[in-house]
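Colleague: I should like to go through this protein with you, one question at a time. Please give the reasoning before each value or name.

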Amino acid sequence: MLTVFICKIQKIIFMFKNTIENLTASSEQLASSSEQNSVTVNQTTQALLSQKEQTYQVASAIEEMTVTIQEVANNTNATATAAKDAEALSENSRGVVNDSIKHIETVSGQVSEVHQLISELHQSSSEMTSVIDVIKSIADQTNLLALNAA
């Protein structure tokens, strides 16, 4: 029975180690996703600042009628490119968020598994305590019989 208990503990320790390794990998992936998200936000901010500057240029071009048509066409193309870039960055961000959700769900499942393993360990510990109490009781009775025999 003690060998079975030791095997269970070894299995639990192995599973716990694997779970910790998976949690570490998931945390690293989550950190990487967060870094990618930060880069995406910075790029979007730069694109928006660029777009703001281009809008100011369009307003100046309207005041100068001789260059208005050319300036409006150039800025419209630049704005369309920035919008496409922003859309692409938005799609990328959506993928990063979805990956983050998947990693969080994986971590949640692993935490549940660890909880189950700890519950099993607690049950095994309780069983071991009962066996130790029986052995102690037998030892006490043996000592008492030895004293009585002497």
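Colleague: Is Glu-91 buried, partly exposed or exposed, and what is its relative accessible area?

Modeller: This is a predicted model, in which local features need pLDDT of at least 70, side-chain atom pairs count only at pLDDT 80 or more, and totals for chains, interfaces and linings use all residues. Residues are numbered from 1 along each chain as its sequence is written, and side-chain values use heavy atoms, with hydrogens and water left out. Buried means under 20% relative accessible area, exposed over 50%, and partly exposed in between (1.4 Å probe, protein chains only). Glu-91 is therefore partly exposed, with a relative accessible area of 44%.

Colleague: With which residue does Glu-91 form a salt bridge?

Modeller: A salt bridge is a side-chain nitrogen of Lys or Arg within 4 Å of a carboxyl oxygen of Asp or Glu. The partner of Glu-91 is 3 residues away in helix α2 (residues 68-149), which means that about one helical turn separates the two. Helices here are DSSP runs (H or I, at least four residues), and strands are likewise DSSP runs (E, at least two), numbered from the N terminus. The closest N and O atoms are 2.8 Å apart, and the partner is Arg-94.

Colleague: Which residue meets Glu-21 in a salt bridge?

Modeller: Glu-21 is partly exposed at 41% relative accessibility, and its partner is partly exposed at 47%. The two are 4 residues apart in helix α1, so about one helical turn lies between them. The N to O distance is 3.3 Å, and the residue that meets Glu-21 is Lys-17.

Colleague: How many salt bridges does a search of the whole structure find?

Modeller: One of them joins Glu-21 and Lys-17. Another joins Glu-91 and Arg-94. The search of the whole structure finds 2.

Colleague: Which residues does Val-96 touch, not counting residues up to four places away in sequence?

Modeller: Val-96 lies in helix α2 and is buried, with a relative accessible area of 3%. Contact means heavy atoms within 4.5 Å. On that basis Val-96 touches Ser-33, Gln-36 and Asn-37.

Colleague: Which residues are in contact with Ser-33, leaving aside its neighbours within four places in sequence?

Modeller: Ser-33 belongs to helix α1 (residues 2-63). Its relative accessible area is 7%, so Ser-33 counts as buried. With those neighbours left aside, the residues in contact with Ser-33 are Val-96 and Ser-100.

Colleague: Which residues are in contact with Ser-93, again leaving aside neighbours within four places in sequence?

Modeller: Ser-93 is found in helix α2. A relative accessible area of 18% makes Ser-93 buried. Its contacts beyond those neighbours are Asn-37 and Thr-40.

Colleague: How far apart in space are Val-96 and Glu-35, C-alpha to C-alpha?

Modeller: In sequence, 61 residues separate Val-96 and Glu-35. In space, C-alpha to C-alpha, the distance is 9.9 Å.

Colleague: What is the radius of gyration of the protein chain?

Modeller: The chain has 2 helices and 0 strands. It is more spread out than a compact globule, because its radius of gyration is well over the 15 Å that the globule rule gives for 150 residues. The radius is taken over C-alpha atoms, and the rule is 2.2 Å times the number of residues to the power 0.38. The radius of gyration of the protein chain is 34 Å.

Colleague: What share of the 150 residues is buried?

Modeller: Along its principal axes, the C-alpha trace spans about 125 × 20 × 15 Å. Buried residues in the protein chain make up 14%.
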